[in-house]
Structure formats: structure tokens, C-alpha cells
Amino acid sequence: MAETTAFASVAHEPGAAKPDAILVADGVVRRFGGLTAVNVNHFEVQRNSITALIGPNGAGKSTFFNLLTGFDMAQEGEGVFNGKPLKGMPSAKVARAGMVRTFQLTKALSRMTVIENMRLGAQEQPGENILTAFVPPLWSARERQITEQAHELLHRFKLYEKKDDYAGSLSGGQRKLLEMARALMSKPTMVMLDEPMAGVNPALTESLLDHIVELKEEGMTVLFVEHDMHMVRRISDWVVVMAEGQIIAEGPAGTVMSNQAVQDAYLGAHHDTDLSEERDA
Ligand SMILES: Nc1ncnc2c1ncn2[C@@H]1O[C@H](COP(=O)(O)OP(=O)(O)OP(=O)(O)O)[C@@H](O)[C@H]1O
């Protein structure tokens with residue numbers, strides 16, 4: 001994807017400042033015993049962009065993702081999302097603030113139907129409160145609204161026919177669509193996608209890519225962790241590379257993938273990821 005104008009003046013270096021950052025993290029350190037899994041000096045995500053977080057296995061991507069979304073707590077550092085400090089904010093509150101992440105479907109969610117999964121996604125909505133649950137007229141109006149919203153999203157993600165099926169019966173690609181549709185139930189400002197292409201067969205690849213681009217077109221900001229470099233090249237405005245817990249490079253996909261430090265990091269981790277452009281020709 002061509003570098004959008006928002007990034008035209010951004011330096012191609014780790015921790016580069018962005019003209020309109022929606023998410024900023026500083027001095028984030030997460031240790032597990034003697035192992036420093038994440039040690040990020042400075043990190044900014046440009047609003048209304050698609051940013052990819054890549055790096056070899058064990059680089060710290062998932063840990064960093066968990067820290068940003070309140071699913072884990074850093075020993076040091078702080079983050080600010082859309083002007084709100086994230087420090088000590090639990091995941092549900094982060095979601096209500098507008099930053100929602102997708103999850104690989106757990107066993108429990110697989111045993112629920114597609115529509116039940118969608119309803120659960122609505123619980124993180126801003127303004128969702130206990131009063132609504134106890135006042136029947138408010139409750140039923142809210143229920144109707146949730147059902148309408150769920151149906152609309154299921155149509156959009158071509159899952160409507162499956163709404164009463166168990167989530168566990170969906171194909172890998174349909175699960176990914178459900179994960180995304182479910183996240184949208186909370187009307188987020190920023191969507192964090194955890195390996196959106198993992199286990200997706202080629203037939204659904206294009207549709208998934210289109211859906212992610214659509215999120216940006218609707219004004220959302222997307223940050224995703226992904227091993228599929230073809231996809232990273234196709235849809236990212238900006239790519240951030242982690243290795244051994246640190247950010248080692250940033251820039252447009254083509255630039256970072258030809259960066260020597262990035263290539264060395266993948267080789268050093270005995271990775272079989274192909275960073276070349278051949279597949280995109
Ligand atoms: N809960 C934990 N306890 C101990 N070590 C952990 C824990 N979570 C992650 N680690 C370690 O932290 C390092 C970073 O792991 P992380 O899963 O964040 O990397 P990653 O870049 O997401 O890797 P992958 O691409 O393989 O998913 C690894 O060495 C991992 O073993």
C-alpha cells in the first residue's frame with residue numbers, strides 16, 4: 001500500500017513521532033522472571049491508519065499487545081489512549097474507552113452460538129450500565145438495539161445464515177470474521193487484531209483484507225499482529241518491527257522489510273518468514 005500523506009514526514013526509525021497519535025506508550029517494560037519480554041522506549045500509533053506489528057517468534061508482540069489492551073500489567077511504563085492514561089486500567093475499561101481487541105475463539109465461546117458471541121461483544125459498549133439491566137423497558141429496548149446491530153454486522157460479514165450455529169462449527173476464516181464482527185459490537189475507535197489471517201484459507205483472504213481496510217475507511221484505527229508478510233504489505237500504512245522485546249525498525253512495509261537489522265533479526269530467530277517482495281509481483 002502506498003505511504004499515505006499522514007506518514008509523509010514521519011522518520012523511518014524506531015519510536016518515530018506521528019502527526020496525530022491516538023496511542024502513545026513510553027518506557028514499557030515487562031519481565032517474566034529473568035526474561036525481559038518487552039522493553040519499548042517509545043511507541044506511537046497514527047490515528048485512522050493501519051499499523052502492523054511484526055517480528056520473529058518470541059519478539060514480544062503478543063506481550064506488548066496484552067499490555068496495551070490491559071490484559072497484562074507492565075512493571076514499568078505508561079500509555080495514553082485518545083488522551084486517557086492507560087496505567088492500571090483493566091481490559092474492560094480500556095474496551096469501553098474505545099480500544100477493543102480480537103481474540104482467537106476460546107473453547108467456551110466455541111460452545112456458544114454466533115449470535116450469542118455477538119451479544120457478548122456488546123457488553124463492552126461505552127455507556128453500558130447496570131441500570132439498564134434492571135429496568136425492564138430500558139432492558140428490552142437495549143436488547144432490540146443489540147439484536148439489530150448484531151444482525152447488521154452478521155449480514156456485512158456474511159455470517160447471518162450461521163447466526164444460530166455454534167461458533168465452534170465455523171471454518172477458520174469464518175471464525176476470523178466473527179472475531180472481527182464481535183469486536184465491532186462495541187463501536188470501537190481503535191481495533192487491535194491478533195493474527196487476523198491465521199488459519200484463513202485463500203478463498204476468504206481477500207474478504208478479510210477488504211473488511212480491515214473498511215474499518216479504516218469508517219474512521220477507525222487498526223493495529224494488528226501478523227506473521228503473513230503478504231498481508232502486511234497489502235494493507236499496512238506503517239509497519240513496526242519488534243525483536244527481543246524492543247522496536248528495532250519502523251516505516252512503510254517495503255522499507256522495513258529490506259532493512260538489514262530486520263532481516264538479521266528474522267534470520268537470528270531461525271525464522272522461515274519470506275520478507276522478499278516476490279509473492280506480490
Ligand atoms: N506468561 C509468560 N510467562 C513467561 N514467559 C512469557 C510469558 N509470556 C510470554 N513470555 C515470553 O516472553 C517472550 C515474548 O513472547 P511473546 O509471546 O510476546 O512473543 P511474540 O512476538 O508474540 O511471539 P509469537 O510470534 O511466537 O507469538 C518469549 O520469550 C516468551 O516465552
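Reader: How many residues of domain 1 are in contact with how many residues of domain 2?
Author: This is a predicted model. Contact here asks for C-beta atoms within 7 Å. By that test, the domain 1 side gives 12 residues and the domain 2 side gives 10.

Reader: Which elements give two or more residues to the side of domain 1 that touches domain 2?
Author: Look on domain 1, at the side facing its partner. Two helices reach that mark there. They are α2 (91-96) and α8 (202-217).

Reader: How does that side of domain 1 divide by class?
Author: Sort the residues that touch domain 2 into three classes. Just 1 is charged, and 3 are polar. The nonpolar residues number 8.

Reader: Where do the two domains run along the chain?
Author: Domain 1 comes in two stretches, 5-98 and 188-280. Domain 2 is written as a single stretch. That stretch is 110-186.

Reader: How far apart are the C-alpha centres of the domains?
Author: Take the C-alpha centre of domain 1. Then take that of domain 2. The two centres lie apart by 27 Å.

Reader: Which residues of α4 meet α7?
Author: Helix α4 covers residues 114-122, and helix α7 covers residues 172-184. On the α7 side, the partners are Leu178, Ala181, Arg182 and Ala183. On the α4 side, they are Val114, Asn117, Met118 and Gly121.

Reader: What classes make up that contact?
Author: Between α4 and α7, 1 residue is charged and 2 are polar. The rest of the contact is nonpolar, with 5 residues.

Reader: Is the crossing of α4 and α7 left-handed or right-handed?
Author: The two axes come within 7 Å of each other. They cross at roughly 35°. The hand of this crossing is right-handed.

Reader: Which element gives the most residues to the shell around the ligand?
Author: The shell includes Phe32, Leu35, Ala37, Lys61, Ser62 and Thr63. Two elements give two or more residues to this shell, β2 (35-46) and α1 (61-68). The top giver, with 3 residues, is α1.

Reader: Which class has 6 residues in the shell around the ligand?
Author: The charged class has 1 residue in the shell. The nonpolar class has 4. Gly55, Gly58 and Gly60 are among the surrounding residues, and Gly counts as polar. The class with 6 is polar.

Reader: What share of the chain is buried?
Author: The chain has 281 residues. Its secondary structure comes to 11 helices and 10 strands. A residue is buried if 20 or more other C-beta atoms lie within 10 Å of its own. The buried share is 40%.

Conventions: Residues numbered from 1 in each chain as written. Predicted model: local features only at pLDDT ≥ 70, side-chain atom pairs only at ≥ 80, totals over all residues. Near = placed C-beta within 6 Å. Helix = DSSP H or I, 4+ residues; strand = E, 2+ residues; numbered from the N terminus. Domains from an automatic or database assignment. Contact = placed C-beta atoms within 7 Å. Buried ≥ 20, exposed ≤ 12 C-beta atoms within 10 Å, placed from the backbone. Axes fitted to C-alpha atoms, helices over the stretch in contact; angles between N-to-C directions. Left-handed = near helix turned anticlockwise from the far one by under 90°.
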